[in-house]
Amino acid sequence: MQKGIKAGILIVALAVPALIFLFLRGFGENHYKLPKLIPVIDSTTGYIKMKKNPNPKWDEPEMDTVFHTIPDWTLTNEEGKSFTNKQLAGKIYVADFFFTRCTSICPKMSTQLTRVQDTFGQDKDVEFASFTVDPSHDTPEMLREYAKQYDAIPGKWHFLTGTRQQLYPLAVKGYYIPVADASEYDKAVKTPDETFIHSEKLILVDKEGYIRGFYDGTDKKDVDRLMLEIKVLQKIYETEK
């Protein structure tokens, strides 16, 4: 009888460490989360669109929300060359909307983006895209001069122009950022800062074109949060390899 009890105790003693190891292996890893934003609404039903999750994990539902992705676009960069969203595919990137004549929020936003660029300067999977809201003035030459002011790394931080018909719908419907030309409805406006209305937000876009975050580009603490969440996104991709 005593031998049986001792044998049972020995088996439990040997089994417990193994069970602890399996638990830690399965549940003790760091699980990084950064949700996708902007669910797609079905225009006919008014409900959020859903799709079947092809390979759900143990903690994921069989049906998944359909999220907005950045639409295709083709613009012109600071070098005068055609540049498309496909050149950012497979990259984590930060987008913003600005204009070179801006003297209010744009210098603050660009200064903060320089700080983010300095942090991720050696990371080939992180890039930046700044879209002008003043395309008639912001030629590739003007964008190139502006890029130099903020030590933009060529090929990493892209400055983009096009037509207003391209850029404004892209801002509103693509990146969910408000933008307007006040001179269209208020003839009293005189200065560029009064004319062009745009957001101070920086937009974090993942490698598949999903929006992962909006951040106040004039607020250092919120830009610190952006940098932290870029690192979280990098960790998510590392764990999915």
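The structure, a predicted model, holds 12 salt bridges. Let's work through a few exercises together.

**Exercise 1. Which residues does Arg225 meet in salt bridges, and where do the partners lie?**

Step 1. Arg225 forms a salt bridge with Asp222, with the closest N and O atoms 2.8 Å apart. Both residues lie in helix α6 (residues 220-240), three residues apart, about one turn of the helix.

Step 2. Arg225 also meets the side chain of Glu229 in a salt bridge, at 3.7 Å from N to O. Glu229 and Arg225 are four residues apart in helix α6.

Step 3. Now check the surroundings. Arg225 has a relative accessible area of 33%, so it is partly exposed. Asp222, at 17%, counts as buried, and so does Glu229, at 16%.

**Exercise 2. Which residues are linked with Lys220 in a network of salt bridges?**

Step 1. Start with the pair in helix α6: the side chains of Asp224 and Lys220 meet in a salt bridge of 3.5 Å, N to O. These two residues lie four residues apart, about one turn of the helix.

Step 2. Add Arg115, and you have the network of Arg115, Lys220 and Asp224. Arg115 falls within helix α2 (residues 106-119).

Step 3. Look at accessibility: Lys220 is partly exposed at 47%, and Asp224 is partly exposed at 29%.

**Exercise 3. In what order do the strands of the seven-stranded open sheet run, and which are the edge strands?**

Step 1. Read the order as β4-β3-β7-β6-β5-β10-β11, with mixed pairing.

Step 2. The edge strands are β4 and β11 (211-216), since each pairs on one side only. On average, neighbouring strands of this sheet are turned by 35° against each other, direction ignored.

Step 3. Zoom in on one edge. Strand β3 (residues 74-77) pairs with β4 in the antiparallel sense over three bridges, and Phe83 in β4 is the bridge partner of Leu75.

Step 4. Finally, find the helices lying across the strands. Helix α2 lies across β5, β6, β7 and β10, running at about 165° to β5. Helix α4 (residues 164-174) runs at about 115° to β3.

**Exercise 4. Is Thr84 buried or exposed, and which residues does it touch?**

Step 1. Find Thr84 in strand β4 (residues 82-84).

Step 2. Its relative accessible area is 18%, so Thr84 is buried.

Step 3. Leaving out residues up to four places away in sequence, Thr84 touches Trp73 and Thr74. A polar atom of the Thr84 side chain also lies 3.1 Å from the backbone nitrogen of Lys86.

Methods:
Residues numbered from 1 in each chain as written. Predicted model: local features only at pLDDT ≥ 70, side-chain atom pairs only at ≥ 80, totals over all residues. Heavy atoms only, no water. Buried < 20%, exposed > 50% of the residue type's maximum accessible area, 1.4 Å probe, protein only. Polar contact = N/O pair within 3.5 Å; in protein donor to acceptor, adjacent residues only side chain to side chain. Contact = heavy atoms within 4.5 Å. Pairing = 2+ DSSP bridges. Axes fitted to C-alpha atoms, helices over the stretch in contact; angles between N-to-C directions. Salt bridge = Lys/Arg side-chain N within 4 Å of Asp/Glu carboxyl O.
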